[in-house]
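Subject: A structure for you, with notes on its salt bridges

Hi there,

Here is the structure I promised to pass on. Please have a look at it first, and then read my notes underneath.

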Amino acid sequence: MAPPCGRGAPPLVFIALSAAFLTYNALLSPRSVPPLPTSFPDATAAFSSSSRSRRLASGGGSGGPRPFHTAVTASGSVYNTWQCRVMYHWFKEARRQARGGDMGGFTRILHSGKPDEFVREIPTFVADPLPEGTDQGYIVLNRPWAFVQWLQKADIQEEYILMAEPDHLIVKPIPNLSRDGRAAAFPFFYIEPQKYEKMLRKFFPENKGPITNIDPIGNSPVIIEKESLSRIAPTWMNMSLAMKKDPEADKAFGWVLEMYAYAVASALHGVGNILHKDFMIQPPWDLEIGDSYIIHYTYGCDYDMKGELTYGIIGEWRFDKRSYENKPPPRNLPLPPNGVPRSVVTLVKMVNEATANIPNWESYAAE
């Protein structure tokens, strides 16, 4: 990924950010987390009783459509940008198939601090990045800060939010899976709160309940009420920063640190999650599409020409998003050999179909 942009941001940006760096002071033990400067204004102030009335009018309390807004954060790098273009193509296709349904609007939350050439292709909100050096090379820390800004400043008509990622391909229309104030989330096998209970108690004190209150989730994919997310987001941001500053937590959680931060923040605010294993699949480990809604291509797919997986060894045939960090994939990627699972075949076909239909793809790839 490219480093965050925006070094020339006005001083007021940094004043606003410094005002954001403590919302969980009343939630966390002051002895366990270093104090951050001050409190962030409660984003729920932006959502008045009229917001609840609008939700009821749209069918939110009567079994009718409950539209959600899909939001994807991106850094502005070539790597993130081509994924967002492909993701948005399939979002539009799913919404077309559903004739709307629960799928409402879409926003790419671009945390580079400046617009790019694709703001007319993809609905985009430009957020400021964290001050230089704050992310300590872990660019994902910009995600919660970007969500805080978006929730504060954007006019979001829907009463629910789907937090998604650039490397998500929407296979079929997604319904609003949240219910009764609980969010809908995908359970990750590698998010293990009970395994790290001793460490997590620094951030989730015992008076907040059993460690099992922390669900094995990240922030994506999650469908959640906008009001709930507005409460969680500042805490999620500060929790991510606090965990990154804690050497023990940073070492233990590594690249999923921000996911743990979201799971803890959700629990601190009492927002439970309905866990949906069918929310998405992750090739090459998941072999079939089944009833899933999303293909998450976070892992590399390596096979020999007999169709055998060679994970950890570059295959004779491969698809790995990391192969295209500095340049988008070309149109018409070669399909996998016979014997490769349907999940991987579908992934490549969907990327090919998107790139074939996205205007100016080849000119962008040539840059």
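Of the 367 residues in the chain, 57% count as buried. Please keep in mind as you read that this is a predicted model.

First, the overall picture. The chain contains 10 helices and 12 strands. If you take the contacts between residues at least 6 apart in sequence, 72% of them join residues at least 24 apart. As for the surface, about 16100 Å² of the chain is exposed, and carbon and sulfur atoms supply 51% of that area.

Now to the part I spent my time on. How many salt bridges does the structure hold? The count is 16, and I would like to walk you through three of them.

Let me start with E121 and R85, whose side chains meet in a salt bridge with an N to O distance of 2.9 Å. This pair links distant parts of the chain: R85 belongs to helix α3 (residues 78-97), while E121 sits in the loop between β2 (103-110) and β3 (124-126), and the two are 36 residues apart. Are the two partners buried or exposed? R85 has a relative accessibility of 2%, so it counts as buried. E121 reaches 26% and therefore counts as partly exposed, because buried means under 20% and exposed over 50%.

Next comes R108, which forms a salt bridge with D116; their closest N and O atoms are 2.8 Å apart. R108 is buried, because its relative accessibility is 0%. D116 is at 23%, so this residue counts as partly exposed.

The last pair is D302 and R318, where the side chains meet in a salt bridge at 2.7 Å, N to O. D302 lies in strand β11 (residues 301-303) and R318 in strand β12 (residues 317-319), so this salt bridge ties together parts of the chain that are 16 residues apart in sequence. With a relative accessible area of 4%, D302 is buried, whereas R318, with 32%, is partly exposed. The pair also belongs to a network: salt bridges that share partners join D302 and R318 with D320 and R322.

If you open the model, you could begin with R85 in helix α3 and E121 in its loop, then move on to R108 and D116, and finish at the network of D302, R318, D320 and R322.

Happy to talk it over whenever suits you.

Best wishes

Notes:
Residues numbered from 1 in each chain as written. Predicted model: local features only at pLDDT ≥ 70, side-chain atom pairs only at ≥ 80, totals over all residues. Heavy atoms only, no water. Salt bridge = Lys/Arg side-chain N within 4 Å of Asp/Glu carboxyl O. Helix = DSSP H or I, 4+ residues; strand = E, 2+ residues; numbered from the N terminus. Buried < 20%, exposed > 50% of the residue type's maximum accessible area, 1.4 Å probe, protein only. Contact = heavy atoms within 4.5 Å. Areas by Shrake-Rupley, 256 points an atom, 1.4 Å probe, with all protein chains shown as cover.
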